[in-house]
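These are my notebook entries on a single chain. I set down what I looked up, beginning with the surface and ending with one sheet.

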Amino acid sequence: MHAHPNPRTTVAGLCAAAVGLAALAVTTGATPASAHGNTSPTVVKTFTTMSASQEIAVLGNRFLFAAEAETGGLEPFVSDGTAAGTTMLKDLVPGASDSYPEQFTRVGSRVYFAASTIGAGRELWVTDGTPAGTTMVEDVLPGTGNANPAELTAFGDQLLFSASDGVHGTELWSSRGSAATTALVEDLAPGKSDSFISDITAAHGVAYLRAFTVGIGTELVRTDGTDGGTKFLDLVPGSKSSSPHQITHLSGGTVVFTASTFGTGVELWRSDGTNEGSNIVEDATPGSDNSTITELARVGSKVFYSGSQPGIGRELFATGGTAATTGMVRDIAPGSSSEPADIVDIAGQAYFTAEAPGSGRELYTSNGTGSGTVKVEEIGAGTDDGVPGPLVTNGRFLAFGGDTAATGTEPWVSNGTAGGTDQVKDVVPGNQGSAQALVAVGPRVVFRTLVEGKPTLVAHDVQGWFTVDAATPKITKKTKGKLRAGSKLAAKAGSWEPGASLTFRWLRNGKPIAGATKTTYQVKKADRGKKIRVRVTGALAGHNPVERTSSATGKVTKG
C-alpha cells in the first residue's frame, strides 16, 4: 500500500481564488508519496445546487450535467474538468428560475436531455455542446403542457424515449434530433392509456423494454425502432404479467432480465427477441419462491449480478445466458450476505464493492472464478465501510470515494492491486470529506464533494497518476576526440520511478538501429553524417509505460 496523506498536514488552497472559492477558505491535505508528477486533484467549481445522483453525458472531452451556480437557476452546464472550461451551457429559463434539466444522453456527436421552459412545458432538448447548438427538438405536447420525456436511450443514430403528446398516453417515441425526425414508434397501449415504459436497453440494432397493455399485461417488448418491428413477447400468456425488470444486454441481440411466472417466481430469464427464444435461465430458488437478483451488469462476455440461492445469502453470480454458464462466482460472506454492488467492467474484469465478515464495504475484483475473486484493499478499519461507491472507470483504472476514520470520504484511485490503491488527496482536511466519483472525461475523473455544505467538483488526472514518472535521458561520450566511427557512447537514463523496468533503443537520425539496445553504443561507419539519439522506455506493472528520447548528438564525422 502506498503512503497515505497525513490529515493534519495542510497546504495551500487548491487555487481557491481562481475558481471563486476564496470565501470558502478551502485547504487541502498532503498528497501521498506515491503521487506522480503534477497529478494532484484540482477544484473545478463550487455550485449552489448539484444533485449527487443524476444522469451525466460525456461528449468528447467534456461532460454535461445539471447544476445551479451563484446566478441563474438549475440549468445545463458543460465542463472539461477544469475551472476555465466549466460554464453554463445555456440559461433555458432566464434569471433565477429553473429548467430542471436531466437524463443527459449522448447519441453520436450530440446530447439529448429533458428540460422545462415557460412557453413549452417539459420537452425534449438536444445540444452539440454549444449555446447556439442547444435547442428544443419538438414541442411533443403543444403549448405549455408537459410531454415529460423519460427513459432516454441511445439507439444507433437515434434516441428512444417515452413521452405523451396528449392524444396518446405515455408511449414509445424516437428522434434523430429534429421535429421532422421525431415520431411515435407505436401506441403500445392504444388510446390515451399509458404503456408505463421502463428499462429500455439497446444494442446491435434492436431494443428491449418493459411495457404494459390491456389483455397482455406488463411484458417484454422488442423493437427495431419501427411500428412494424415492435412487438410484445408475452412470457405469461393472457393478461397476467411477467413484469420483466433489469433488462441487460448479453451478446448480439440477446438480453437477460428478471421476470416472474407462475410456478417459478422471480428468476433470471434470457431472450433473443422471439417467443421461442425467451426462456428461464435457471430456477435458482426452486418452486414459486422468488430469487433475489439485482445489480445486473455486463462484464466481458457475461452478465454479473448480485443473487441468492437457498442457504446462501446475496453473493456474486454470473451468467452466460444458459443454466450451464450460470452460478455463484464466490461465497464472499459464508452464512450471511456480501451484498455485491456497483459492478463495473475493466477489460473483462469485474470490479465491485462487497462486505465480508469482520469487514465493511470494500473494493473487490473478479475474473469470474472463485479463486479469481478477491478483495483489492481494506480501506475502512474493521467493520467501517471503506468504499461506499459508486465506482467510475477511466481506461484500465478505477476511481471512487474511499472512506477512512481520519479523512472521511476522499478521492481514491486503483489499478486493481493493493499497492496501486491510493487516496490521492485529503481535499477537505479532517474527517469531513464526502467525495464520490461522478464521471470520467479525458484522462480525468471528476468527483463531487461538499465544501462548507456546497457541492464542489474536484478533478483528478487518473491516467497521469498511473503513468510512470520519467526523466529525459542524456548521452555522454566515453572516448576522447571527435565523434566518429569507433567512438563509444553511454546513455544516462536519469531519475525514473522506483521499480520501473527500463529498456534502451539507440536511434540513427530518429530511426532504430538494429540490435542497439544496451546502455552503451559504439558508433559505426553507417552512422557517418548522421545524428545519434537514445530512447528509454519505462514500464511498471499497473502503470502506463512512458518513452523519453534524448537530444541528438552532433553529426558523426566522416574522418
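Entry 1, surface. I looked up the exposed area of the chain in this predicted model. The chain exposes about 22800 Å², and I noted that carbon and sulfur atoms supply 51% of that area.

Entry 2, burial and extent. I then turned to the interior: of the 559 residues in the chain, 51% are buried, that is, under 20% relative accessible area. The C-alpha trace spans about 95 × 60 × 55 Å along its principal axes.

Entry 3, charges. I found 47 positive and 52 negative side chains in the chain. The centres of these two sets lie 27 Å apart.

Entry 4, contacts. I considered contacts between residues at least 6 apart in sequence, and 47% of them join residues at least 24 apart.

Entry 5, secondary structure. I recorded one helix and 46 strands for the chain.

Entry 6, one sheet. I followed an open sheet of four strands, in which the order is β8-β9-β10-β11 and the pairing is antiparallel. Which strands stand at its edges? They are β8 (102-107) and β11 (134-138); each has a single partner strand, so one side of each lacks a neighbour in the sheet. From one strand to the next, the twist averages 35 degrees.

Entry 7, an antiparallel pair. Strands of a sheet pair through backbone hydrogen bonds. I examined β9 (residues 110-117) and β10 (residues 121-127), which pair in the antiparallel sense over seven bridges. I also looked up the position opposite S116, and found R122 in β10 there.

Conventions: Residues numbered from 1 in each chain as written. Predicted model: local features only at pLDDT ≥ 70, side-chain atom pairs only at ≥ 80, totals over all residues. Heavy atoms only, no water. Pairing = 2+ DSSP bridges. Helix = DSSP H or I, 4+ residues; strand = E, 2+ residues; numbered from the N terminus. Axes fitted to C-alpha atoms, helices over the stretch in contact; angles between N-to-C directions. Buried < 20%, exposed > 50% of the residue type's maximum accessible area, 1.4 Å probe, protein only. Contact = heavy atoms within 4.5 Å. Areas by Shrake-Rupley, 256 points an atom, 1.4 Å probe, with all protein chains shown as cover. Lys, Arg positive; Asp, Glu negative; His and termini not counted. Charge placed at Lys NZ, Arg CZ, Asp CG, Glu CD.
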